[in-house]
Amino acid sequence: MKKLVFILLLFSNLLFGKTLATIGKYKITDNDVIAALNSDGIVDYDDAKFQEKLNSLIEEKKLLLYANQNNIKVDDKEVETFFIHEFGNHPSFSTNGAFDYSKYLRLKNNPKIKLIFKSIKKDLLLKKTKSIICDQFQLSDENLLEEYIKRNAKLDLNYAILPTDMIDVPSEFDPMEVYNFNPAISKEYFTDEKVKADFCVINDSTFKNRVIVNNKEIVQLFNEKYSNSAPFDEIKDSLKTILRKKKSHELAKSFSDSLLVAWSLSDSISYPVLHSGYLRRGDKFYNIPKGEEIVNSLFDSDFQPRLMEIKGGFVLYKLVDKINKKHLTLKDNPKLFWEKYRDFKMKELSKTKYKDIYLQNLDKFISPAVSLNYIIINKPNPGSIKVNKDSLYAYYLKNFANVSDSTFSRESSELRNLYIQHKISKKLNELKAKLFLNFYDEKKLNSIIKKYNLEVEKKLIFVGKISNSNYYDNLVAQSIRKFPSRKVYYVQDENKMIIYSIDSIFDDYLPTYDEVKNQVYKYVNLPKQKFDAHEFYNNHKEEFFIPDSLQIGGAFVPIKTDTVSVNTDEIRTYYNEHIDNFEISNSCRFDYICLDKSKSDLANEIYRDLSKTPFHLMKSVFSKKGEFDETSYYEYNKLPKSISNVLKKMSINQYSAPISFHNNLYILRLKNTASAHVQAFDEAKDFIKRKLVFQKAKSIAFNFAKIIFDSTSYYSQCKTFADSSWLFKTKFQSIKDSFAPISNINSILPDLKRLYKYEKLNRIVSDKTGFAVLYKLNYKKGRYQTFEESQSKIEKLYQMNNKDVFAYNFVKKLEDKISEGVNPDSLLFFFGGYHRLRNLTIDSDISNLPFGKFIINDAISKRNGEFSNPIKIDEKHYFFYQVDSIRKVKTKDFIKNKYKFQKYLENIKYQNWLRNY
């Protein structure tokens, strides 16, 4: 029904007679609203009253539409009964104070009475329809009580989120043992040394305006070094620049030496001093050249200042604080302590228990394995990708131009990030293609590996039930299981790509005890219950469903902008006709210092020091590249609110406190502002040109697609009217897969299913890059595999499900210990801690929790102290919660408020129905 409702709300100053809402066959105009207001005796009304009456009329029309669709009617007998009940005592219809039916019969055809009858019939129909709708919402007393408790109860929850890789352990493990194990570990590990420094940056450029270079010096330099390079007049300016740089550097050196002496004699100097955070060996010293060398020298330094020459100037620095190595404590790195305990415990169990079990159960460890060659490609750092403005705009035109006219300026930072990721992906794919193309040419392959400095490694990995210790080995194993016929393929994640090739396959490989000793418990402690394959099949039916399969073909006409041009007159005409689109609202230009979000202490220190230190100096030393272009003007309403709200309140050259945005902290400085204005033609013409070119190219592509569409009925006819490069045919594949070159077929899937083989879809399909004429080539309806077809998969799924048994059992063990009174904060210290939420209601927003709303609903039905079952929220985490306290309402309160609550609930559901109908 949502499709039947198209509502356009208007302000009260629109022209009379304008349609405000269309509900099915009913239309509501502003005249209708005004007439309804007047009939209620309201002549003087405001926007709020107008809107209220409009909403009332929309509700009325929806009820009438629902009544019509569901054959709900009011007959004349109902109207007559209501009329007599309401007006039977009126003198016009009574004799001697009693209702006179004969008078009623004589008067009921009176035009005024007929109008009353019509109004009554409509009101009764509306009430009856609403009553029928509300009857659907009726709850039993038991369900009503449950809903009342949910909406009025208050809840205190405790919960924990546990990493699966830390709790997938045997039952012998006990977190409380780690505390006794602590001293043994702390002797082996130390916290890092750290240093903190104060420093000054003295740039040569600071002194360039103090330098004077005369002709005599230029001639002397020419005669000494450059007389054989070129004629004097040709290189005179270059020689002058060389001398200016040399003299600037000498002045910077002299000034730095004087600062060094002054700082050695006093705690303060009359030059901006910057402050570092705590740094470790090998850290970069912000954006300063030779930064690592400076940091490392601080570890061997006393508290006297030092001077170091760098590119373009000098750095004066001194140590102000040093934290020496100390024994690591649980608080420093609880995860490390748990891992060391786990290693120790596994060695202990391996010696005393698991080796014998392994030897007695060798057949359980036989697993397929493969010998592999790896070529490892590390993904480029986003900061290393150069962004060309023309390339960026071409990327925008190809992928986002039809979203909206303002997308490019409003989302340029997001677009830039997408473009960088696109470039990284493109580089990776190009390198991958080179490797695949030359994989069997050893000379070329080695040349590529050497050119791109790629890592090469030989491996033997398990591809069956035995897990590999390395994350990437397990990714490769998954890939081999998925594509068993491919001898050369690849895997990748957000950090790297691995091209692998298979040397040898071992179907029945028996690993040594050392290769599996940390996994023995997984394969010999499986649940004792007898495995019933039929029962497993029936309980996991959804795992054995084969989805619908489809094959489509057709012609995809791309939108090509490189073959289209527009002239200046067309651009000028568009500008004049759409001048409103070039209005620029109030805008500003701003500079900023950008830091990682984790460096809040440093950001606050920089902010405090800006009162005595130049902004540009702080920026050059500490800032990384942010998401905004400091040379561009930004309209306030197109900036993120957290940024624009601050900038609006700032004056020129004022700077802000640190602001959090995405994963960064920004200290802003307002450089300039601009009032609202209309872009001049010269400013707008490039944008208009790109837009018109795209529109023309789009129109050309659509016209080609329309010719194909109008000229064909079946796929076989398509090649007669389409360029061969436009033709495509997909594989026969699951409907859940992507059907390139069409980005998404979900919206057209129902229509495709209804077509006959090779028949044409009844409309042209478009996306951001072109237009497609589609034909259904083949289709097969989804079905459940039979038990016989599923047998090979059943055993694999059963084993996969059992891999989580140990993590699940460990969570249950933790719950038991908490119930027995063990301190949960100590018990869960190694796994992220025990968290507490207080005074929750059914409407509380706990978006920090997985399935937050479900958890509150579920918890309210539990008893105080009760635990949830362990819940696997994703591949890497388990979750459980405990009801700490529920403050439920009393039954007598429910009885007292039952009718009122029922009506309240009914109204909520009715209003939801109205919104969604």
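Here are some questions and answers about the predicted model shown above.

Q: How many helices and strands does the protein chain have?
A: Let's start with the whole chain, which has 917 residues, 41% of them counted as buried. Its exposed area is about 53,400 Å², with 50% supplied by carbon and sulfur atoms. The secondary structure comes to 32 helices and 30 strands.

Q: What is the order of the strands in the open sheet of 4 strands?
A: Strand 6 (residues 154–163) is joined by 10 bridges to strand 30 (residues 877–887), and by 4 bridges to strand 28 (residues 835–840). Both pairings run antiparallel. The order across the open sheet is 28-6-30-29.

Q: Which strands form the edges of this sheet?
A: An edge strand here pairs on one side only. In the order 28-6-30-29, that description fits strand 28 and strand 29 (871–874).

Q: Which helix packs on the sheet?
A: The packing element touches strand 6 and strand 30. Its direction makes about 30° with that of strand 30. It is helix 29 (residues 805–819).

Q: Which residue in strand 30 stands opposite Leu-162?
A: Strand 6 and strand 30 run antiparallel. Lys-154 stands opposite Arg-887 in strand 30. For Leu-162, the residue opposite is Tyr-878.

Q: Is strand 6 largely enclosed or largely open, and how many of its residues are buried?
A: Residues under 20% relative accessible area count as buried. Strand 6 is largely enclosed by the rest of the structure, because the buried share of its 10 residues is 8.

Q: Which residues of helix 23 are buried?
A: Helix 23 (residues 615–622) has 6 buried residues out of 8, so the rest of the structure largely encloses this helix. These buried residues pack against strand 7 (194–203), strand 8 (274–275), strand 18 (587–596), helix 22 (600–609) and strand 21 (664–674). They are Phe-615, Leu-617, Met-618, Lys-619, Val-621 and Phe-622.

Q: Is Asp-174 buried or exposed?
A: Asp-174 is found in the loop between helix 7 (164–167) and helix 8 (176–186). Beyond its neighbours within four places in sequence, Asp-174 is in contact with Tyr-341, Lys-813 and Lys-817. Its relative accessibility is 15%, so Asp-174 counts as buried.

Q: How far apart are the closest N and O atoms of Lys-122 and Glu-60?
A: Side chains of opposite charge can pair when their charged atoms come close. Lys-122 forms a salt bridge with Glu-60, and the closest N and O atoms are 2.8 Å apart.

Q: Which parts of the chain does the salt bridge of Asp-884 and Arg-838 link?
A: The closest N and O atoms of Asp-884 and Arg-838 are 3.0 Å apart. The two residues lie 46 residues apart, and the parts they link are strand 30 for Asp-884 and strand 28 for Arg-838.

Q: Is Lys-458 buried or exposed?
A: Lys-458 meets Asp-503 in a salt bridge of 3.4 Å, N to O. The partner Asp-503 is partly exposed at 44% relative accessibility. At 61%, Lys-458 passes the 50% cut-off, so Lys-458 counts as exposed.

Q: What accessible area does the nonpolar patch of Leu-359, Leu-362, Ile-366 and Leu-510 have together?
A: One of the patch residues, Leu-359, lies in helix 12 (residues 334–360). Together, the four residues on the surface have an accessible area of about 320 Å².

Methods. Residues are numbered from 1 along each chain as its sequence is written. This is a predicted model: local features need pLDDT of at least 70, side-chain atom pairs count only at pLDDT 80 or more; totals for chains, interfaces and linings use all residues. Side-chain values use heavy atoms; hydrogens and water are left out. Buried means under 20% relative accessible area, exposed over 50%, partly exposed in between (1.4 Å probe, protein chains only). Two strands pair if DSSP finds at least two bridges between them. Contact means heavy atoms within 4.5 Å. Axes are lines fitted to C-alpha atoms, for helices over the stretch in contact, and angles run from 0 to 180 degrees between N-to-C directions. Patches are made of residues with over 30% relative accessible area and no salt bridge: like charges are joined within 9 Å, nonpolar side chains (Val, Leu, Ile, Met, Phe, Trp, Tyr) within 5 Å. Accessible areas come from the Shrake-Rupley method with a 1.4 Å probe; for residues, only the protein chains shown count as cover. A salt bridge is a side-chain nitrogen of Lys or Arg within 4 Å of a carboxyl oxygen of Asp or Glu.
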